[in-house]
Amino acid sequence: MVLGIESSCDETGAGIVQDGRLLAHVVASSMDEHARFGGVVPEIAARAHLHAFNPVVRQALDQAGLPLSRIDAVAVTTGPGLSGALQVGLAGAKTLAYAAGVPLYGVHHLAGHVAADTLEHGPLPDPCVVLIVSGGHTSLLLVRDLVREPILHLGDTLDDAAGECFDKVARILGLPYPGGPAIDRAARDGDPKAVAFPRPLTRPGDDPYAFSFSGLKTAAARWAEKHRQRGTEPPVADGAAALQEAVADVLTRKALAACRAYDVKTLIVVGGVAANSRVRALAERRCASSGIELRVPPMTLCTDNGAMIAAVGDLLVRSGAEPAPLNVSVDPSAPLEYASLTPLPARPSTGPTAVLRRHRY
């Protein structure tokens with residue numbers, strides 16, 4: 001029985017997984033508290049985690065019908081994310097692990113998103129291409145054994161992530177935060193061909209797997225500004241539909257190209273933007289026409305949650321991985337190299353930069 005804790009941003013999540021089976025999944029979001037600021041405020045997020053941690057863990061244990069004494073391991077997100085938010089989750093997870101007398105595992109947040117798919121569709125195919133799309137991350141990965149082998153980055157975003165682009169353009173269009181769901185709702189009544197937004201990094205000679213959404217955001221801002229200079233409000237539904245189409249086109253085009261280049265037969269799409277209706281629909285259509293199996297977790301497992309962290313912890317335990325030491329710290333900017341992430345506190349001789357130790361299996 002592995003208890004997973006997630007607190008990297010504005011969701012406090014707790015999940016319980018046993019042998020790949022999801023037993024409990026509870027999330028408390030502080031999104032409404034951030035909405036009036038148009039984005040996540042780190043201090044508010046950390047305080048919200050403090051208030052939500054105990055109730056969320058208690059509810060997860062109740063949902064699974066388990067006392068804490070039945071938990072065999074605790075897994076927690078140690079990076080990347082907001083420093084204060086990560087610290088709350090890690091402190092709570094250390095307390096639970098110590099109280100229960102069980103090992104603690106430090107988990108990379110993005111590996112959790114990858115593992116979320118296993119809770120719905122079973123073990124990951126070896127190999128598979130994974131497209132991670134969220135508010136802070138857009139990456140194409142080649143994954144073999146998630147917890148035993150290094151994760152190969154085929155391409156990452158060079159600037160704004162896809163979800164960040166949605167958030168910023170939503171604000172320009174007067175839509176509420178978070179921008180991704182607002183863009184998706186508005187696009188239902190729009191024409192995706194109404195605006196010829198660019199498809200970044202898709203010309204011959206461009207990096208075939210890299211992403212860039214800053215220019216797309218700027219193009220949307222200039223389109224809206226031209227309308228307002230003429231004294232009219234931009235047609236929000238058309239703008240949202242065209243923006244969403246551009247993002248979905250770029251994401252799926254590059255993901256399918258990676259599958260073909262590496263002769264991979266399974267594409268897995270994870271992260272918050274994987275809940276976008278157009279991204280899902282276009283990925284389904286293009287995968288079907290290319291003979292590629294598409295796997296996307298349920299929407300409740302796409303956004304940040306503790307179940308996905310428990311899923312990684314479950315895999316680590318079953319693989320015989322070494323747990324983290326009790327003095328493990330957080331790494332807010334941790335690169336994704338391995339699923340297990342165990343940064344250690346800085347040694348006096350190294351200055352302020354923490355020395356990182358990553359388990360390699």
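**A five-stranded sheet and its surroundings**

In this predicted model, five strands form an open sheet of mixed pairing, arranged in the order β3-β2-β1-β4-β5. The strands β3 (21–29) and β5 (104–108) stand at the edges, and each has a single partner strand, so one side of each is left without a neighbour in the sheet. Neighbouring strands of this sheet are turned against each other by 20° on average, when direction is ignored. In general, the strands of a sheet pair through backbone hydrogen bonds, either parallel or antiparallel.

The part of the sheet built from β1, β2 and β3 can be followed along the chain. Strands β1 and β2 pair in the antiparallel sense over five bridges, and they form a hairpin with four residues between them. Within this pairing, isoleucine 5 stands opposite alanine 14 in β2. Strand β2 (residues 11–18) is in turn joined to β3 by eight bridges, and these two strands run antiparallel. Here glycine 15 stands opposite histidine 25 in β3, while glutamine 18 has arginine 21 of β3 as its bridge partner. β2 and β3 also form a hairpin, with two residues between them. Aspartate 19, in the turn of that hairpin, has a positive phi of about 50°. As for burial, seven of the eight residues of β2 are buried, so this strand is largely enclosed by the rest of the structure.

Helices lie against the sheet. Helix α4 (residues 109–116) lies across β1 (2–6), β4 (73–79) and β5, and runs at about 90° to β5. Helix α12 (residues 306–319) also packs on the sheet, where it touches β1, β2, β3, β4 and β5; its direction makes about 135° with that of β1.

Helix α3 (residues 83–100) also deserves attention. It has 18 residues, and the distance from its first C-alpha to its last is 26 Å, close to the 26 Å expected at 1.5 Å a residue. Which residues of α3 are buried? They are Ala85, Leu86, Val88, Gly89, Leu90, Gly92, Ala93, Leu96 and Ala97. An α-helix has 3.6 residues a turn, so residues three or four places apart point the same way. The buried residues of α3 pack against β1, α2 (42–64), β4 and β5. The helix is followed by glycine 101, whose phi is positive, near 70°.

A residue of α2 illustrates contacts with several parts of the chain. Histidine 49 is placed in helix α2 and has a relative accessible area of 2%, which means that this residue is buried. Leaving aside residues up to four places away in sequence, histidine 49 touches Ser7, Cys9, Asp10, Glu11, Thr12, Ala85 and Val88.

The next topic is the aromatic rings. How many aromatic pairs does a search of the whole structure find? The search finds three. In one of them, the rings of phenylalanine 197 and tryptophan 223 have centres 6.0 Å apart and planes at 85°, so the pair is edge-to-face. This pair links distant parts of the chain, 26 residues apart: phenylalanine 197 is in the loop between α7 (179–187) and α8 (214–229), and tryptophan 223 is in helix α8. Phenylalanine 197 counts as buried at 6% relative accessibility, and tryptophan 223 is buried with a relative accessible area of 13%. The rings of phenylalanine 211 and phenylalanine 213 have centres 6.2 Å apart and planes at 15°, so this pair is stacked. Both phenylalanine 211 and phenylalanine 213 are buried. In addition, the charged end of lysine 254 sits over the ring of phenylalanine 211, 5.9 Å from its centre.

Finally, some features of the backbone may be noted. A cis peptide bond joins glycine 79 and proline 80, with omega about -10°; proline 80 is in the loop between β4 and α3. Another cis peptide bond joins aspartate 126 and proline 127, with omega about 0°, and proline 127 is in the loop between α5 (118–121) and β6 (128–133). Leucine 201, a residue other than glycine, has a positive phi near 55°. Leucine 201 is in the loop between α7 and α8 and is partly exposed, with a relative accessible area of 23%. Aspartate 263 likewise has a positive phi, near 55°. Its place is in the loop between α9 (236–261) and β9 (266–270). Is aspartate 263 buried or exposed? Aspartate 263 has a relative accessible area of 56%, so this residue is exposed.

Terms used
Residues are numbered from 1 along each chain as its sequence is written. This is a predicted model: local features need pLDDT of at least 70, side-chain atom pairs count only at pLDDT 80 or more; totals for chains, interfaces and linings use all residues. Side-chain values use heavy atoms; hydrogens and water are left out. Two strands pair if DSSP finds at least two bridges between them. Axes are lines fitted to C-alpha atoms, for helices over the stretch in contact, and angles run from 0 to 180 degrees between N-to-C directions. Contact means heavy atoms within 4.5 Å. The expected span of a helix is 1.5 Å times one less than its number of residues. Buried means under 20% relative accessible area, exposed over 50%, partly exposed in between (1.4 Å probe, protein chains only). Rings of Phe, Tyr and Trp (its six-membered ring) pair if their centres lie within 6.5 Å; planes under 30 degrees apart count as stacked, over 60 as edge-to-face and the rest as tilted. A charge sits over a ring if NZ of Lys or CZ of Arg is within 6 Å of the ring centre and within 35 degrees of the ring normal.
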